[in-house]
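Work through the exercises below with the sequence and the coordinates at hand. Each task is followed by a stepwise solution.

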Amino acid sequence: MILPYKGQYPTIDPSAYISEDVVITGDVTIGAHSSIWFKTVIRGDVSPTKIGNNVNIQDQSLLHQSPNQPLIIEDGVTVGHQVMLHSCILRENALIGMGATVLDGAEIGENAFIGAGSLVPPGKKIPANTLAFGRPAKVVRDITEDDLKEMNRIRQTYIDKGQVYKEEQQNRNK
């Protein structure tokens, strides 16, 4: 369901896959070849949400903001199942593990990996190319080449799968 808020409709690239049971409202921008999966909610009714290209937001995630604090997700980011993102910044190719929460003013660096179930508190900066885990999240080590390969594999799987679902969705609606 794509809804306006105060007359502002989300802007979604035509190549993006949006599951039919997703709710997206207001000042939300979604880039090329991104995918928004089942039962996710993205509300752009407080501040903007900007989602780049080749991003995947997996099932049952929730994205929102605080006043004057946009939510920014750069290109190539993977957001796992049931993640909560609130007025944070996710830099290119970061991966947020299942069930994690990233709060206001937090910034996740390029190629950083936030472990499943982690809590990134307000204002916390996770450096590029690191793995952070815990509640609160703390850097535990640098990202390895194997980690990067796996993160790339996951991202590409969701790009490819999103395009298959998009084609099947379009065929059903003909």
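Asn 93 is buried, with a relative accessible area of 19%; buried means under 20% relative accessible area, exposed over 50%, and partly exposed in between (1.4 Å probe, protein chains only). The model is predicted: local features need pLDDT of at least 70, side-chain atom pairs count only at pLDDT 80 or more, and totals for chains, interfaces and linings use all residues. Residues are numbered from 1 along each chain as its sequence is written, and side-chain values use heavy atoms, with hydrogens and water left out.

**Exercise 1. Backbone of two asparagines**

Task: Find where Asn 93 is located and state the sign of its phi; then treat Asn 111 likewise.

Solution.
- Step 1. Asn 93 is in the loop between β12 (89-90) and β13 (95-96); strands are DSSP runs of E with at least two residues, helices are runs of H or I with at least four, and both are numbered from the N terminus.
- Step 2. The phi of Asn 93 is near 65°, a positive value in a residue other than glycine.
- Step 3. Asn 111 belongs to the loop between β15 (107-108) and β16 (113-114), and its phi is positive as well, about 60°.
- Step 4. With 15% relative accessibility, Asn 111 counts as buried.
- Step 5. For reference, most residues other than glycine have a negative phi, and most peptide bonds are trans.

**Exercise 2. A cis peptide bond**

Task: Which residues does the cis peptide bond join, and is Arg 135 buried or exposed?

Solution.
- Step 1. The cis bond joins Arg 135 and Pro 136, with omega about 10°.
- Step 2. Pro 136 lies in the loop between β19 (130-134) and β20 (137-142), and Arg 135 is placed in the loop between β19 and β20.
- Step 3. Arg 135 has 56% relative accessibility and therefore counts as exposed.
- Step 4. Beyond its neighbours within four places in sequence, Arg 135 is in contact (heavy atoms within 4.5 Å) with Gly 117, Ser 118 and Leu 119.
- Step 5. Gln 163 is 28 residues from Arg 135 along the chain, and their C-alpha atoms are separated by 35 Å.

**Exercise 3. The helix**

Task: Compare the length of α1 with its expected span, and list its buried residues.

Solution.
- Step 1. Helix α1 covers residues 145-172, 28 residues.
- Step 2. The expected span is 1.5 Å times one less than the number of residues.
- Step 3. From first C-alpha to last, α1 reaches 41 Å, close to the expected 40 Å.
- Step 4. The buried residues in α1 are Asp 147, Met 151, Arg 155, Tyr 158, Ile 159, Gly 162, Lys 166 and Gln 169.
- Step 5. An α-helix has 3.6 residues a turn, so residues three or four places apart point the same way.
- Step 6. Asp 147 has a relative accessible area of 15% and, leaving aside neighbours within four places in sequence, is in contact with Arg 141 and Asp 142.

**Exercise 4. The whole chain**

Task: What radius of gyration does the protein chain have, and how many strands?

Solution.
- Step 1. The chain has one helix and 20 strands.
- Step 2. The radius of gyration, taken over C-alpha atoms, is compared with a globule rule of 2.2 Å times the number of residues to the power 0.38.
- Step 3. For 174 residues a compact globule would be near 16 Å; the chain has 15 Å, which agrees.
- Step 4. The C-alpha trace spans about 50 × 35 × 20 Å along its principal axes.
- Step 5. Buried residues make up 47% of the 174.
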